[in-house]
Amino acid sequence: MKKQVISQTCSPSGKIKGKTPPPGQCNQENDSDCCKDGKWYTTYKCSPPVSSQTKATLTLNSFEPDGDGGAPSECDNQYHSDDDPVVALSTGWYNNGKRRLNYINIHGNGRSMRAKIHDYQPPCPNNIVDASKAVWKDLGVPENDWGGMDIYWSDTD
């Protein structure tokens, strides 16, 4: 029996104008994008509603000191090994820190796993679960396919 996905919407809250980062301040590890000077980016303060099967896009992020995450995690002001299953959620899902240090279940590539929330991704897009390399490995995704994948996630019980 196929599981039903709940329709999820969230309207943009505004736009911000991109600025070129100072020299050496844009780490493009894991194919991360840098802001383009003068480009307008849509922002969100909300994220789609959370359900037992919240649809999201899994992206790749390094939580290590020189990784593309860029700073210590919001939750504990620490860096984390790429070998630890940690994630950052879109701003609305992070819910002003109410999910801080909680675990979520991630379902993708025919597998499921648990990861700990250590940060949030402001402010756009609104449907991201930004994950360490360990999450991608646990889901059995071949390394050359890492970067962007449709998943479902839910809060753990």
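# A walk from Asp-83 to the core

Start by selecting Asp-83, which is exposed at 55% relative accessibility; here exposed means over 50% relative accessible area, buried under 20% and partly exposed in between, with a 1.4 Å probe and protein chains only. What you have open is a predicted model, in which local features need pLDDT of at least 70 and side-chain atom pairs count only at pLDDT 80 or more, while totals for chains, interfaces and linings use all residues. Residue numbers run from 1 along each chain as its sequence is written, and side-chain values use heavy atoms, with hydrogens and water left out.

**Zoom out for a moment**

Colour by secondary structure and you should find 2 helices and 8 strands, in the order β-β-β-β-α-β-β-β-α-β along the sequence. These elements are DSSP runs numbered from the N terminus: helices are H or I with at least four residues, strands are E with at least two. The protein has 157 residues, and 38% of them count as buried. Of the contacts (heavy atoms within 4.5 Å) with a separation of 6 or more, 74% join residues 24 or more positions apart.

Now colour by pLDDT, the predictor's confidence in each residue from 0 to 100. The average is 80, and 73% of the residues score at least 70. Residues 1–7 fall below 50, and this stretch has 5 contacts in the model beyond near neighbours in sequence.

**Salt bridges**

How many salt bridges are there to visit? There are 2, counting a side-chain nitrogen of Lys or Arg within 4 Å of a carboxyl oxygen of Asp or Glu.

Return to Asp-83 and add Lys-137: their closest N and O atoms are 3.9 Å apart. Asp-83 sits in the loop between β3 and β4 and Lys-137 in helix α2, so this salt bridge ties together parts 54 residues apart in sequence. Lys-137 is partly exposed, at 47% relative accessibility.

For the other pair, select Arg-99 and Asp-155, whose side chains meet with an N to O distance of 2.8 Å. Distant parts of the chain are linked here too: Arg-99 belongs to the loop between α1 and β5, Asp-155 to strand β8, and their positions lie 56 residues apart. Arg-99 is buried at 13% relative accessibility, whereas Asp-155 is partly exposed at 32%.

**Into the core**

Next, select Leu-58, Val-87, Ile-106, Val-129 and Val-135. These have the most contacts inside the largest nonpolar core, a group of 23 residues. Such a core is a set of buried Ala, Val, Leu, Ile, Met, Phe, Trp, Tyr and Cys residues joined through side-chain atoms within 4.5 Å. At least two of its residues come from each of β3, β4, α1 (91–94), β5, β6, β7 (128–131), α2 (133–138) and β8 (148–155). In soluble globular proteins, nonpolar side chains tend to be buried together.

Keep Leu-58 and show its surroundings: leaving out residues up to four places away in sequence, its contacts include Val-129, Ala-131, Val-135, Trp-136, Leu-139 and Ile-151.

**A buried charge**

Move to Asp-130 in strand β7. Which side chain of opposite charge is nearest to Asp-130? That is Lys-133, 12 Å away, and Asp-130 is buried without a salt bridge; Lys and Arg count as positive and Asp and Glu as negative, with His and the chain ends not counted. Add Thr-59 to the view, since the tour needs its side chain: Asp-130 makes a side-chain polar contact with Thr-59 at 2.5 Å. A polar contact is a pair of N or O atoms within 3.5 Å; within protein, one must be able to donate a hydrogen and the other to accept it, and residues adjacent in sequence count only if both atoms are side-chain atoms.

**His-118 and its surroundings**

Select His-118 in strand β6. Is it buried or exposed? His-118 is buried, with a relative accessible area of 5%. Beyond four places in sequence, it touches Ser-73, Glu-74, Cys-75, Asp-76, His-80, Val-86, Val-87 and Leu-101. Draw a distance to Asp-76, where a polar contact of 3.5 Å joins the two side chains. The C-alpha atom of His-118 is also 9.1 Å from that of Asn-77, 41 residues away along the chain.

**Two asparagines to finish**

Stay with Asn-77, in the loop between β3 (54–60) and β4 (86–90). Asn-77 is not a glycine, yet its phi is positive, about 55°, and it is exposed with a relative accessible area of 56%.

Last stop: Asn-109, in the loop between β5 (103–108) and β6 (111–121). Phi of Asn-109 is positive as well, near 55°, and this residue is partly exposed at 43% relative accessibility.
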